[in-house]
Structures are given as C-alpha cells and as structure tokens.
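The exercises below ask you to read a protein model from its overall layout down to single residues. Try each task on the displayed structure before you turn to its solution.

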Amino acid sequence: MATEEVNKPPSLPSYPQLIMNAIEALNDKNGSNKTSISKYIESKYGDLPAGHTTLLSHHLNRMKQTGELVFLKNNYMKADPNAPPKRGRGRPPKPKVPLPPGVVLTPARPRGRPPKDPNAPITSSKPGTGKPRGRPRKMARPEGGITGNSTLISTGSGRPRGRPPKVKTSPLTEFVPLVIEDDDDDDVMISV
C-alpha cells in the first residue's frame, strides 16, 4: 500500500493556476501563445486529462474575459495591476450627476401601458359617431346565388364587384345567302 502512494504523481493544480505558472515560467516579454503554454504544461505535468486542449482553451478565454490575462497579438500576458480596467463592448453609461441634498426622487414610471382602473366608469372612446367599432358585417347573399346575375351584388357606385364577366360572342348560326349576279343569268349561291 505504501509503495502505491509513493509512485502516485502529485495532484494537478487547477487550470488557472497551471496557466499562470506556465506564463511566469516562460517569461516572454510579448507574452506566450496557447501552444507554448500547452507544451510547457505537458512537459511539466506529463499525464493530463483527455480534454486538455479544450480545458486549456476554455480557461484561457475565461481568464481573458475576467481580466486576469491580457490577449494581445495572439499572445497571453499577465494583466498589469496598474492598468485601467478593461471597458466592455458598447456605449459607456453616462456619468451620474450627484443630486443636491434634500431632493427626493420619485419612483420611475414602469414601462408599458398602465393598468386600467377597475373603479373607473366605462366610457366610449368616440362619443356621438354613431358607427359601431371594427369591420362592417358582410351583406347577405342574393337569392339567385353565385350563378345568378352578377349585377345583384352592388356597391354604392352601381357597378358590380370584381372583374367584369367576359363577353361571349355568339357564333353565326343562321345561314345568310350571298348572291352574286352573273352575266349568264345564272344565280350562283356562295355561303360564308
């Protein structure tokens, strides 16, 4: 049992601690890139978890966002403690002007439409118009139905709604003889 405890490798520090140790040990004035940090950690600690590169990327991004590390030209550096805090994206908020003493702020009005008073009397929005609200109701269908005369449905202009029906031309059904007189006094009949 005692031999197993002796051969056991030392426990792995947390990834943020590993990253900080690697950057300090590499001590590059321009910072260290991700591959050099990863190679240093692999050489120093040897046996690493299967998702080492994923864990390293995640912790580098998180440390960059929290301000522990500065990312410049694809290199990570320790943040300067004297540097001003990093500004976030977007427009900065307006500076708050201190109020003179004795002024009491009223609570801000909530967004949206204010709720209706349940005790208020019901009033119409447009008194005296005489028209009901909303879309007018459809007129009743004519007795002839759709196949009846299209002039049954009419609007105020006296013209039916929609496209006018196509005018049907009746074909020539009656026979009109065409008589051409000839010198021979023979009547020639030509039908057209």
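Before the loops can be located, the elements that flank them have to be fixed: helices are DSSP runs (H or I) of at least four residues and strands are DSSP runs (E) of at least two, both numbered from the N terminus. Please keep in mind throughout that the model is predicted.

**Exercise 1. Establish how many helices and strands the protein has, and in which pattern they follow one another along the sequence.**

Solution. Start by counting the elements, which gives four helices and four strands. Then read along the sequence, where the pattern is α-α-α-α-β-β-β-β. For the chain as a whole, 12% of the 192 residues count as buried, and the accessible surface comes to about 18700 Å², with 55% of it belonging to carbon and sulfur atoms.

**Exercise 2. Find which residues have the most contacts inside the largest nonpolar core, and which elements give two or more residues to this core.**

Solution. The largest nonpolar core consists of 14 residues, and those with the most contacts inside it are I19, I37, I41, L56, L60 and L69. Next, assign the core to its elements: α2, α3 and α4 (52-66) each give two or more residues, and the largest share, six residues, comes from α2. Finally, take L56 as a worked case; once its neighbours within four places in sequence are left aside, L56 is in contact with Y15, I19, K34, I37, S38 and I41.

**Exercise 3. Describe how β1 and β2 run relative to each other, and what lies between them.**

Solution. The two strands β1 and β2 run antiparallel and are joined by four bridges, and in one of these pairings V70 has M77 in β2 as its bridge partner. Together β1 and β2 form a hairpin with two residues between them, and in this turn K73 has a positive phi of about 55 degrees.

**Exercise 4. Locate N27 and N74, and decide whether each is buried or exposed.**

Solution. Begin with N74, which lies in the loop between β1 (69-72) and β2 (75-78) and has a positive phi of about 65 degrees although it is not a glycine. N27, in turn, is found in the loop between α2 (15-26) and α3 (34-45), and it too is a non-glycine residue with a positive phi, here about 45 degrees. For the last step, the cut-off for exposed is over 50% relative accessible area; N74 therefore counts as exposed at 54%, and N27 is likewise exposed, with 64%.

Technical notes. Residues numbered from 1 in each chain as written. Predicted model: local features only at pLDDT ≥ 70, side-chain atom pairs only at ≥ 80, totals over all residues. Heavy atoms only, no water. Buried < 20%, exposed > 50% of the residue type's maximum accessible area, 1.4 Å probe, protein only. Areas by Shrake-Rupley, 256 points an atom, 1.4 Å probe, with all protein chains shown as cover. Pairing = 2+ DSSP bridges. Core = buried A, V, L, I, M, F, W, Y, C linked by side-chain atoms within 4.5 Å. Contact = heavy atoms within 4.5 Å.
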